[in-house]
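Welcome, and please open the structure in your viewer. We will take a short walk through one chain and then look at the place where a neighbour touches it.

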Amino acid sequence: MNFFLLSLIKAVVVAFVLLTALAYLQWVERKVIAHIQVRMGPYRVGPHGLLQPLADVIKLITKEDLIPPHANKFLYLGAPFFAVTMALLSISVIPFGSEIHVLGNTTWMQLTDLNIGILFVLAISSMSVYGVAMAGWASNNKYSLLGGLRSSAQMISYELPLSMAVAAPLLLANTLSLRHIVLQQTGYYLGFIPRWSIFQGPMPQIFSFIIFLIAAFAETNRVPFDLAEAENELVAGFHTEYSSMKFAAFFMAEYANMITVCSITTTLFLGGWLPLWPASAGSSYVPTLVFLGGAAVALYHGLNPARRMDRLTLPVVAVVFFLIAVAFLVPAVQAVLLPFFWFAAKTGALLFLFIWIRGTLPRFRYDQLMGFAWKFMFPVAVANLMVTGLLVAAFS
Amino acid sequence: MDVILFLIFAVIAVVCGINVVVQTHPISSAISLIGVMGSLAVLYLLLGAEFLAAAQVIVYAGAVMVLFVFVIMLLNAGAETRRGRSLLAQLLGIPLLLVFLGLMAYFAQRLFPATAMVRFGAFRGGTALDVGEALFTRFLLPFEVVSVLILIAILGAVVLARKELD
Amino acid sequence: MTGVPLSWYLILSAVLFSLGVAGFLLRRNVITVFMSIELMLNGVNLSFITFSYQLRQVNGQIFSFLVMVVAAAEAAVGLAIILTVFKNRATLNIDDVSSMKD
Amino acid sequence: MQLWLIPVFPLTGFLLNGIFGRRWSKAVIHTIAVGSVLLSFAWVLKTLAGLGDLSAAHTEQYFTWIQSGILHVGMDFTVDRLTAVMLLVVTGVGLVIHIYSIGYMAHEGGYQRFFAYMNLFMFFMLILVLAANYLVMFVGWEGVGLCSYLLIGFYFDKKFATNAGNKAFIVNRIGDFGFSLALFLIVVHFGTLDFGAVFTAAGGKSEGTLTAIALLLLVGACGKSAQLPLYVWLPDAMAGPTPVSALIHAATMVTAGVYMVARSAAIFTRAPAAMEAVAIVGVATAFFAATIGMLQNDIKKVFAYSTVSQLGYMFLGAGVGAFSAGIYHLVTHAFFKALLFLASGSVIHALSGEQDLRNMGGLGKKIPWTFATMLCAGVAIAGVPPFAGFYSKDAILAAANNHAPWMYWVGVITAGMTAFYVFRAIFMAFLGEYRGKGHPHESPAVMLVPLVILGALSLVGGYLFRVPGYLAPLFPLAVESHDISPMLISVAFGLGGIALAWVFYVVRPGLPDQLAATFSGLYKLVYNKYFVDEIYGAVVVTPVVSGSREVLWKGVDVAVIDGAVNGAGNRARGIGGVLKLLQSGNIRSYATWVLLGGVVLLFVMGVMGGLR
């Protein structure tokens, strides 16, 4: 098949999956936080609030689109779209799965594999600061400006430990291509410990992983580093003056950044699409079991409904889960979906961690934030990089 | 394809470059400069310098320009006031600049044969591996010297920007 | 597909450099002047990389890399100087900063 | 064998104390300082034990220091038997003196500075001794000179101390000038500075060359070892703390000249004229300084002139070909002269700073340990058998007798005077009635233990350490003479000197004054040190100073140099006045000029490059 056509199809599929995931990630976040705070979360729109994202979209589109006076129109309008573009760009180099064969075509579950893949991701993430900074500046609002300033200083500061943390597993992998980084993590120690970067000899990248994760929280402006939009100090930070779809764009950018960062973490440290234990030990049946379990739980609650509606919705969910579980037993489908399942499972676990922390931790003070980056994270990252380098050099 | 890509990004670069000069507000200039840098990164890719393309975006667009934008925002720099004092620069400078540009273009045309073509993929010596190998072997000393330079620059910047302790 | 003539790249580089010079000559805001310098450096970098392509050597890219590093250092120090000047004189106009004249 | 560790230990001590000492307590400071020297001493012992009998020199090469044309100078260390002796003396005596300093300096300011300098001195002295070529030796040579300067001027808030430091430094420059000229000559004629290569090649060089080199080396040695005519700095150097006098200006640094002459024996033995010069300088210095020493009233000055005199003996030994006897005397002298200084330091300590012999007396009962140890040193330096000085002095005098009897007789008379002035000092200080004020008190144990150690070494050191025999592979022993009469004569002179001192200062204390009145002219001449300082002042210092002031400053400097500079400045100002118009203070116009230059350059390049 034509290269361009194939790429186009992949791009459409990825965009569809990603945007859906974005919408529902917000739903998941609201649900999870609600449960952390012993609430129900969205419940009215659709079963268990499943149609809430759709409702949100309709609400946001129909809202009045305000442009504050004396704002720099070009930048004010451009900033949200710049932000969302940058957030979506880096997904293009992330490998979701291994090689697949569909209808006589062989391709990778990845939009494109660059030789400098990880550098591309870093470049894009370093560009994403402009969206926030521009928005803050162009709004002609002191809170927005402060939010923009804060976030640009914060992003520059955390970019350093982030890059240092990325460099260490690269030393193990010996490549910059994300696909090869994953392939290089194939295999198991003693038959059951995966050779993921966080476990890999000669220097398990566990410190690097933690540093990367912390820096990622800062890069995505998430709690506990969300000083750019600290609502009790800065109203809403850089997006105080934004409404309607432009506000939605910032929201999308934030969630897309989260997904990207979690995908990168998965790729770099957690072995990407590789299963947790070898297929010989039955890892291929994990998705089936998981979905069967999900179906069983849904069925149980459907038969013992807490609310009237559950009698209808939960069995439907159970049936869907059951069908998915069966689908994972079909070899052709399995070959395509199994790597993606593992990738999604790891990324999902990380996303859950993001949400969990948002529901748990308070916000940093600004000087603590910067001090933490420069006085703790950066030295630790450099030390980790040096030790890794020395060990790699010693054992190669 | 090469020509189309080149033209697209060359035009973006030149337009943004003109914008850098013409815009009165520094932040517009800065945004335009980011545009120049981004399109130059694509041109670097076309020339086979993929590592440099990434470095261009990370270092220039991602770090240097963020600093610029940061400072502009911090100082709340407004549009500049028009009160020129250097007639010389305008009267002599612009014609000189045109002469300079003409000479350069003429040299570029004359010095390189018309057969010298740039085709994407014809030179693949700019991977991270190649650049790294050159940096850490043949160019080790300049690399180290530049590291020292940047260290001094960091110290200098810290000292300059530090609050006075009085 | 025959590709792009090499001289186009060089002319583009010269154009960018000249734009940088023009910015330097015409602008009064010290930050813009600074950015014009960055623009010049970028133009020069492009020619380095073009030569690197033409000679099929990585050396030009190394030069370009070093230029980037130096530019980063220069930006850090230069902006710190601008901050200090602004703190002391409350101006960003380079014409106002001329006490070295006499 | 890691020779480099030997000097590096004290260097580490210096760096630690020098950098951080200000914040540390005295206990930490002296633990580091003494500990580093102790480690160094231990390492010397270990190294020497590991190197066996050292019949051949052991050389270690670390890195190339200078590579210029044919000249290759490496940072090399070497150990042979001569070095071994010096290493033991330097680190051993140095260690003892460092321990002593803990007590002596306890109540002084600048504690960490003192120990830092002392350690630095040890470092440079060990470099000097370990050097395998003249240039590395020169580094040590200059380094010890620096430390000597720093320590003489230790009490820098006192004018006389800084003056003394300057004097030592400047007088040493004259000697170092000679030394460096010698190095240049060696490079010119040998093309190398390595000891081994130079000494091997020395056989093939003309006697004139070797004599020139040897004489210049002698000038250097005279400066460092305070020989005539460059001895004047050493008595003044007593302005430093007493442990400094003991370590630097008695036991180690001032003997560097002797060591250097002995090390260069291969050159000196092939230059008989230079040898003769060494011997004459030595014997003259010995006699001359002894006469001055007899009439000094400052206890440290007495021993300072004694040091000069004893160094003269060592030069005499080297000059008459008995290098091993010179080194032998160097070793024993290190024991008893260090002891004399330390004991006098103990006296000064007891009297809270009193140095004048006339204000002492009767101290024997009040500070018995000091008295006893000083007596040990006294009998050793007087050449009473079988104590240390007897062996070495006898070896030198025997060699001198073989070489030229007149030198022997001068040496013997000097030996008598030596015994006289040392015991004069001892008797004046310790016997009779106490003439001073204040209440003398015995020094603490940390000062007494070093005294006792050195006292024991002064008594038996000569017998225990048979240096000439050990050095026999390097310096062949002179023919053994069975005539013991020269030895008996010198012993008799020594005992006679002691007896004379007894008579003058214990039995009939009025006698010296009567004699002084009788020979008042001679007395004044000697008492004022032959007016050497005044002569130098009139002949050298005043002409140089006034010449500099009148000719160089008011003539050359003002007229020529200032004129040229001011003229250039005026021209520049004139031109600048025109060019100033270009400096508009407008950065953009500057940039335009740069651009203009660039365009012109480009144009020229195009034309020159053939692009038209």
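In what order do the elements of chain C run from the N terminus on? Select chain C in this predicted model and follow the backbone: the order is β-α-α-α. That gives 3 helices and 1 strand for chain C.

Stay with chain C and colour it by burial. Of its 102 residues, 63% count as buried. Now turn to the contacts within chain C: among those with a separation of 6 or more, 46% are between residues 24 or more positions apart.

Next, show chain B as well. Where the two chains meet, chain C brings 64 residues to the contact and chain B brings 71 residues. To find the chain C side, select β1 (4-5), α1 (6-26), α2 (30-55) and α3 (59-89) of chain C, the elements that each give two or more residues to it. Which of them gives the most to the side that touches chain B? Highlight α3(C): with 21 residues, α3(C) is the top contributor. Then colour this side of chain C by class, and you will find 43 nonpolar, 17 polar and 4 charged residues.

For the last stop, zoom in on β1(C) together with strand β1 (residues 117-118) of chain B. These two strands run antiparallel, and 2 bridges join them. Pick Met117(B) and look across to β1(C): standing opposite is Pro5(C).

Terms used. Residues numbered from 1 in each chain as written. Chains lettered and ligands numbered in written order. Predicted model: local features only at pLDDT ≥ 70, side-chain atom pairs only at ≥ 80, totals over all residues. Contact = placed C-beta atoms within 7 Å. Helix = DSSP H or I, 4+ residues; strand = E, 2+ residues; numbered from the N terminus. Nonpolar A, V, L, I, M, F, W, Y, C, P; charged D, E, K, R; others polar. Pairing = 2+ DSSP bridges. Buried ≥ 20, exposed ≤ 12 C-beta atoms within 10 Å, placed from the backbone.
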